[in-house]
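The following exercises are intended for a reader who is meeting this structure for the first time. Please study the sequence and the model, attempt each task, and then compare the result with the worked solution.

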Amino acid sequence: MTVSALEVASLSRSYGGKRVVNNLDLLVEPGDIYGFLGPNGAGKTTTMRMILGLIRRDEGTVRIFGEDDPVKARRNLGGIVESPRFYPYLTGRDNLRIFAAYTPGVTEGRIDELLTLVRLRDRAKDLVKTYSMGMRQRLGVAQALLGDPKMLMLDEPVNGLDPAGMKEVRELIRDLRDERGLTVFVSSHLLSDVELLCDRIGIIQDGTKIIEGRTEDLVEAGESLEDAFLRLTRPGSGEQIR
Ligand code: ATP
């Protein structure tokens, strides 16, 4: 029996009496590049923060590669929620060294390897304040990979990037999956980018899942993912999971 990479069951969270994540189930299989979509305020960031253990959940379970003990489970998960934050007056390498101090067993060799992987080796000595947004996103990916997780969780990794920067991040994510076998969970509003990148998609609205499945199965003939998203999230659309 294969173990799922991420299994979220009946996950809920309220703020001030309002349920912002409501009885949510999600399933991500090993090797998926999974796109997590939803309109503004749908509950994506809250869900990702619960999965990463950054905030408590009111109800529900989160299993990562079969493990539901939160401390053990998170050893297999690296992630950045909200844009990566770095010390602008330190170099890229020194920023990674600081984060490495919180991650057991990270050697200088591992930092070199990650800088090469995210194509920042030749800029590692430069201050982060001189980095483009794309370079910061890639440094964020390196940060998330410090602990050598099996799954990577990224919140809007291409937000604010120009087309070349988006393509670079997309290629990096695909390489991480194809060459290193990583499972990647990525939230985004950029549906054309998601359509190019993700094999499976989950869409939530008002904290509730409205559909989950393979990208090609959610998109009808002649439709773009954007058309499908607008159709599925239209008020009162009442679409069922096919
Ligand atoms: P976006 O696409 O705009 O980033 P999102 O899908 O990530 O949205 P969340 O940020 O998870 O949505 O927010 C879901 C709901 O929860 C929103 O109504 C938001 O106002 C509310 N919310 C989120 N964090 C808090 C908080 N700390 N206190 C109170 N309400 C919150």
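**Exercise 1: Phe 65 in its loop**

Phe 65 belongs to the loop that joins β4 (59-64) and α2 (70-73). The model is a predicted one. Task: determine what sign phi of Phe 65 has, and which residue places its charged end over the ring of Phe 65.

Solution. Step 1: phi of Phe 65 is near 45°, a positive value in a residue other than glycine. Step 2: the charged end of Lys 150 sits over the ring of Phe 65, at 4.5 Å from the ring centre.

**Exercise 2: Asp 206**

Task: locate Asp 206 and decide whether it is buried or exposed.

Solution. Step 1: Asp 206 is found in the loop between β8 (200-205) and β9 (208-214). Step 2: although Asp 206 is not a glycine, its phi is positive, about 50°. Step 3: the relative accessible area of Asp 206 is 63%. A residue counts as exposed when this value is over 50%, so Asp 206 is exposed.

**Exercise 3: Aromatic pairs**

Task: state how many aromatic pairs a search of the whole structure finds, and classify two of them.

Solution. Step 1: the search finds three aromatic pairs. Step 2: Tyr 34 and Phe 185 have a centre-to-centre distance of 5.2 Å and an angle of 15° between their planes, and this pair is stacked. Step 3: the pair links distant parts of the chain, since Tyr 34 is in strand β3 (residues 33-37) and Phe 185 is in strand β7 (residues 183-187), 151 residues apart. Both Tyr 34 and Phe 185 are buried. Step 4: the ring centres of Phe 86 and Phe 99 are 6.0 Å apart and their planes stand at 80°, so this pair is edge-to-face. Step 5: both Phe 86 and Phe 99 are buried. Step 6: ring pairs also join Tyr 34, Phe 36 and Phe 185 into a cluster.

**Exercise 4: The ligand**

Task: describe polar contacts of the ligand and the shell of residues around it.

Solution. Step 1: an oxygen atom of the ligand lies 2.8 Å from a polar backbone atom of Gly 41. Step 2: a ligand oxygen is 2.6 Å from an N or O atom in the side chain of Thr 46, and a ligand oxygen is 2.8 Å from such a side-chain atom of His 189. Step 3: the ligand taken alone exposes 640 Å², of which the protein buries 60%. Step 4: β2 (18-28) and α1 (44-51) are the elements that give two or more residues to the shell; α1 gives the most, with three residues. Step 5: by class, the shell has four nonpolar, six polar and two charged residues.

Notes: Residues are numbered from 1 along each chain as its sequence is written. This is a predicted model: local features need pLDDT of at least 70, side-chain atom pairs count only at pLDDT 80 or more; totals for chains, interfaces and linings use all residues. Side-chain values use heavy atoms; hydrogens and water are left out. A polar contact is a pair of N or O atoms within 3.5 Å; within protein, one must be able to donate a hydrogen and the other to accept it, and residues adjacent in sequence count only if both atoms are side-chain atoms. Accessible areas come from the Shrake-Rupley method with a 1.4 Å probe; for residues, only the protein chains shown count as cover. Helices (H or I, at least four residues) and strands (E, at least two) are DSSP runs, numbered from the N terminus. Ala, Val, Leu, Ile, Met, Phe, Trp, Tyr, Cys and Pro count as nonpolar, Asp, Glu, Lys and Arg as charged, and the others, Gly among them, as polar. Buried means under 20% relative accessible area, exposed over 50%, partly exposed in between (1.4 Å probe, protein chains only). Rings of Phe, Tyr and Trp (its six-membered ring) pair if their centres lie within 6.5 Å; planes under 30 degrees apart count as stacked, over 60 as edge-to-face and the rest as tilted. A charge sits over a ring if NZ of Lys or CZ of Arg is within 6 Å of the ring centre and within 35 degrees of the ring normal.
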